[in-house]
Amino acid sequence: MWEDPIVEEVHRIREKLAAEYGFDVKAMFADLRKRQVSLGDRLVPQKKRAEPTPEALGPTSSESAPAA
């Protein structure tokens, strides 16, 4: 089976980081939040997504159902 070296590297790094935090996801995210605060304005703010228009959502199930 062919192995992707980039995927292998990502898996290795993920395993290393998880081990540093005792495989505790909450601890990992708590540390990430602290890092975000310390970076302050160096982070690019996330843009809010616009609400989709009814036209963009397409027909509803009741509109597309055949009439009885």
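Let's start at Arg-35, a residue that is partly exposed, with a relative accessible area of 46%. You are looking at a predicted model, and this arginine is a good way into it. Arg-35 forms a salt bridge with Asp-31, and the closest N and O atoms of the pair are 2.8 Å apart. Side chains of opposite charge can pair when their charged atoms come close. A search of the whole structure finds one salt bridge, so the cursor can stay right here for a moment.

Why can these two residues meet along a helix? Asp-31 and Arg-35 are four residues apart in helix 2, which means that about one helical turn separates them. An α-helix has 3.6 residues a turn, so residues three or four places apart point the same way.

Now turn to the acidic partner. Asp-31 sits in helix 2, which runs over residues 25-39. Is Asp-31 buried or exposed? Its relative accessible area is 19%, and because the cut-off for buried is under 20%, Asp-31 counts as buried. Arg-35, by contrast, is partly exposed at 46%. The side chain of Asp-31 also makes a polar contact with the side chain of Tyr-21, at 2.5 Å. Asp-31 therefore has two side-chain partners to look at, Arg-35 through the salt bridge and Tyr-21 through the polar contact.

One step further along helix 2 is Leu-32, which is partly exposed with a relative accessible area of 44%. Together with Val-25 and Phe-29, Leu-32 forms a nonpolar patch on the surface, and the three residues share about 290 Å² of accessible area.

Helix 2 itself is worth a check from end to end. Its 15 residues should span 21 Å at 1.5 Å a residue, and the end C-alpha atoms are indeed 21 Å apart. At its N-terminal end, Asp-24 acts as a cap, with a side-chain oxygen 3.1 Å from the backbone nitrogen of Lys-26. Just after the helix comes Gly-40, with a positive phi of about 55°.

Walk back along the chain and you will find helix 1, residues 5-20. Helix 1 has 16 residues and reaches 23 Å from its first C-alpha to its last, close to the 22 Å expected. What caps the N-terminal end of helix 1? It is Asp-4, with a side-chain oxygen 2.9 Å from the backbone nitrogen of Ile-6. Just after helix 1, Gly-22 takes a positive phi of about 65°.

Phe-23 lies in the loop between helix 1 and helix 2. The phi of Phe-23 is near 60°, a positive value in a residue other than glycine. At 52% relative accessibility, Phe-23 counts as exposed.

Finally, let's zoom out. The protein has four helices and zero strands, giving the pattern α-α-α-α along the sequence. Buried residues make up 3% of its 68 residues, and Asp-31 is one that is buried. The protein exposes about 7,100 Å², with carbon and sulfur atoms supplying 60% of that area.

How far should the eye trust each part? The mean pLDDT is 84, and 87% of the residues reach 70 or more. Confidence is highest in helix 1, at a mean of 96, and lowest in helix 4 (residues 61-64), at 57.

Terms used:
Residues are numbered from 1 along each chain as its sequence is written. This is a predicted model: local features need pLDDT of at least 70, side-chain atom pairs count only at pLDDT 80 or more; totals for chains, interfaces and linings use all residues. Side-chain values use heavy atoms; hydrogens and water are left out. Helices (H or I, at least four residues) and strands (E, at least two) are DSSP runs, numbered from the N terminus. Buried means under 20% relative accessible area, exposed over 50%, partly exposed in between (1.4 Å probe, protein chains only). A polar contact is a pair of N or O atoms within 3.5 Å; within protein, one must be able to donate a hydrogen and the other to accept it, and residues adjacent in sequence count only if both atoms are side-chain atoms. Patches are made of residues with over 30% relative accessible area and no salt bridge: like charges are joined within 9 Å, nonpolar side chains (Val, Leu, Ile, Met, Phe, Trp, Tyr) within 5 Å. Accessible areas come from the Shrake-Rupley method with a 1.4 Å probe; for residues, only the protein chains shown count as cover. A salt bridge is a side-chain nitrogen of Lys or Arg within 4 Å of a carboxyl oxygen of Asp or Glu. The expected span of a helix is 1.5 Å times one less than its number of residues. pLDDT is the predictor's confidence in each residue, from 0 to 100.
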